[in-house]
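Me: Hi! I have a structure open and would love to walk through it with you, one question at a time.

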Amino acid sequence: MAGLELSDIRKQYADISVIHGVDLSIPDGAFTVFVGPSGCGKSTLLRMVAGLEEISSGTMTIGGRVVNEVEPAERGVAMVFQTYALYPHMTVAENMGFGLRMTGTAKSEIKTRVDAAASILKLEPYLQRKPKALSGGQRQRVAIGRAIVRNPEVFLFDEPLSNLDAELRVAMRVEIARLHQELGTTMIYVTHDQVEAMTLADQIVVLRDGKIEQTGAPLTLYDDPDNVFVAGFIGSPRMNFIKGKVESSDGPTRISLSEHDELLERPLEARPSPGTDVLVGLRPEHFAKGGEGSLSLRVDVVEHLGGASYIYAEPSSGAQTSATDLPPVVVEARTARNVREGETFTAHYDPLDALVFDVASGLRLR
């Protein structure tokens with residue numbers, strides 16, 4: 001096993017810069033997930049770790065060894081791609097052992113490693129089948145098995161579940177989490193799905209436009225985001241953002257929520273100046289707990305999911321959201337079976353749950 005250190009890593013194609021000075025430490029044995037929207041640079045960064053993309057500048061170490069100029073096959077990493085990339089004319093066992101065969105590994109050693117990987121991935125009944133006779137999930141497990149047999153120090157996963165249906169994605173998430181527990185090997189996983197990131201990671205790295213926005217444990221990013229982007233990206237349904245303006249910051253900060261004709265009082269050490277435009281962040285489940293804060297809302301759409309319902313609502317004052325404004329407020333409710341579209345209601349929350357962000361910088365005001 002091995003940890004990774006990335007120091008001021010940059011990637012440039014001609015005049016276009018796509019990775020902007022990334023500094024990151026990945027502990028030995030950690031499960032780290034790179035997450036972010038399409039085009040944020042997460043797959044490029046992963047390919048740089050794998051050696052499939054050159055590093056324009058900066059230093060990358062794996063297990064204490066600088067690998068900037070080291071060939072991919074000599075880095076001690078194994079990569080699982082988005083496409084399974086299995087040879088259709090080979091059996092499962094042949095696909096899993098192909099890489100070892102190419103490096104001249106003895107047949108007995110190949111069989112031992114393939115059998116061990118098949119046991120871990122529950123693939124023993126399928127070793128003599130060809131890929132066309134496997135389901136999507138089984139093919140993905142074969143691709144993972146092909147990586148396992150190499151005994152790498154670091155596993156790299158590039159959106160490995162994106163080709164699977166929703167139910168199979170959940171099952172494979174469990175498989176990968178179990179695999180990490182069994183092997184204890186350092187794993188780096190790329191996805192645009194923040195649910196995958198939250199459920200799999202020890203450490204999440206949130207990327208945007210080739211820069212790291214925040215790094216931390218899943219619940220740390222969920223409960224304590226540094227900026228509007230991280231707060232809105234982590235969590236499903238996403239955090240609600242409500243426009244506000246600071247009225248005063250002597251004592252508890254007083255924020256006017258003009259669209260809702262409400263006032264929020266929230267202690268902040270930052271003490272923003274009166275007149276500062278802010279966004280107040282509240283997660284849908286904050287309303288389920290109730291509290292002294294309140295929003296007057298009008299029901300737009302209700303989603304009933306059984307154990308909980310999500311109410312999509314507009315301000316009852318008549319202020320309408322538009323394509324350029326913030327989306328409707330989403331309220332999680334445990335008992336909303338009789339809620340109807342067009343009704344007005346008051347959603348209560350604890351003011352201490354509200355997060356405040358500066359509109360100009362996007363940064364959290366603490």
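Reply: Happy to help! Before we start, one definition will be handy: two strands pair if DSSP finds at least two bridges between them. Keep in mind too that this is a predicted model.

Me: Thanks! Which residue stands opposite Ser-309 in strand 17?

Reply: Strand 16 covers residues 309-315, and 5 bridges join it to strand 17. The two strands run antiparallel. Tyr-310 has its own place in this pattern, standing opposite Glu-332. For Ser-309, the residue opposite in strand 17 is Ala-333.

Me: Is strand 17 largely enclosed by the rest of the structure or left open, and why?

Reply: A residue counts as buried when its relative accessible area is under 20%. On one side of strand 17, Val-329, Val-331 and Ala-333 are buried, and on the other side so are Val-330 and Glu-332. Both faces are therefore covered. Because 5 of the 5 residues in strand 17 are buried, the strand is largely enclosed.

Me: In what order do the strands of the sheet with strand 17 lie?

Reply: This is an open sheet of 4 strands, with antiparallel pairing. Strand 17 and strand 18 (344-349) are the edge strands, each pairing on one side only. From one strand to the next, the twist averages 50°. Reading across the sheet, the order is 17-16-15-18.

Me: Which strands stand at the edges of the sheet of 6 strands, and why is one side of each left without a neighbour?

Reply: That open sheet has mixed pairing and the order 6-7-8-3-9-10. The twist here averages 20° from one strand to the next. An edge strand has a single partner strand, so one of its sides has no neighbour in the sheet. The two strands in that position are strand 6 (77-80) and strand 10 (211-216).

Me: What is the bridge partner of Val-205 in strand 10?

Reply: Val-205 takes us to strand 9, which spans residues 203-208. Strand 9 and strand 10 run antiparallel, joined by 5 bridges. In strand 10, the partner of Val-205 is Thr-215.

Me: Which helix lies across strand 3, strand 7 and strand 8?

Reply: Two helices are worth looking at here. Helix 4 (residues 136-148) lies across strand 6 and strand 7 (154-158), running at about 170° to strand 6. The helix you ask about spans residues 166-183 and runs at about 165° to strand 8 (186-191). That one is helix 5.

Me: Does Val-154 count as buried or exposed, and what is its relative accessibility?

Reply: Val-154 has its place in strand 7. Leaving out residues up to four places away in sequence, Val-154 touches several others, including Leu-4, Ile-62, Val-77 and Ile-188. By contrast, Ser-273 is 48 Å away from Val-154, C-alpha to C-alpha. Val-154 counts as buried, because its relative accessibility is 0%.

Me: Now the whole chain: what percentage of its residues count as buried?

Reply: The chain has 9 helices and 20 strands, and its C-alpha trace spans about 75 × 50 × 35 Å along the principal axes. Among contacts between residues at least 6 apart in sequence, 66% join residues at least 24 apart. The accessible surface comes to about 17000 Å². Of the 366 residues, the buried share is 49%.

Me: Last one! How far apart do the centres of the positive and negative side chains lie?

Reply: The chain has 37 positive side chains and 49 negative ones. Each set has its own centre, and the distance between these two centres is 8 Å.

Conventions
Residues numbered from 1 in each chain as written. Predicted model: local features only at pLDDT ≥ 70, side-chain atom pairs only at ≥ 80, totals over all residues. Heavy atoms only, no water. Buried < 20%, exposed > 50% of the residue type's maximum accessible area, 1.4 Å probe, protein only. Contact = heavy atoms within 4.5 Å. Areas by Shrake-Rupley, 256 points an atom, 1.4 Å probe, with all protein chains shown as cover. Lys, Arg positive; Asp, Glu negative; His and termini not counted. Charge placed at Lys NZ, Arg CZ, Asp CG, Glu CD. Axes fitted to C-alpha atoms, helices over the stretch in contact; angles between N-to-C directions.
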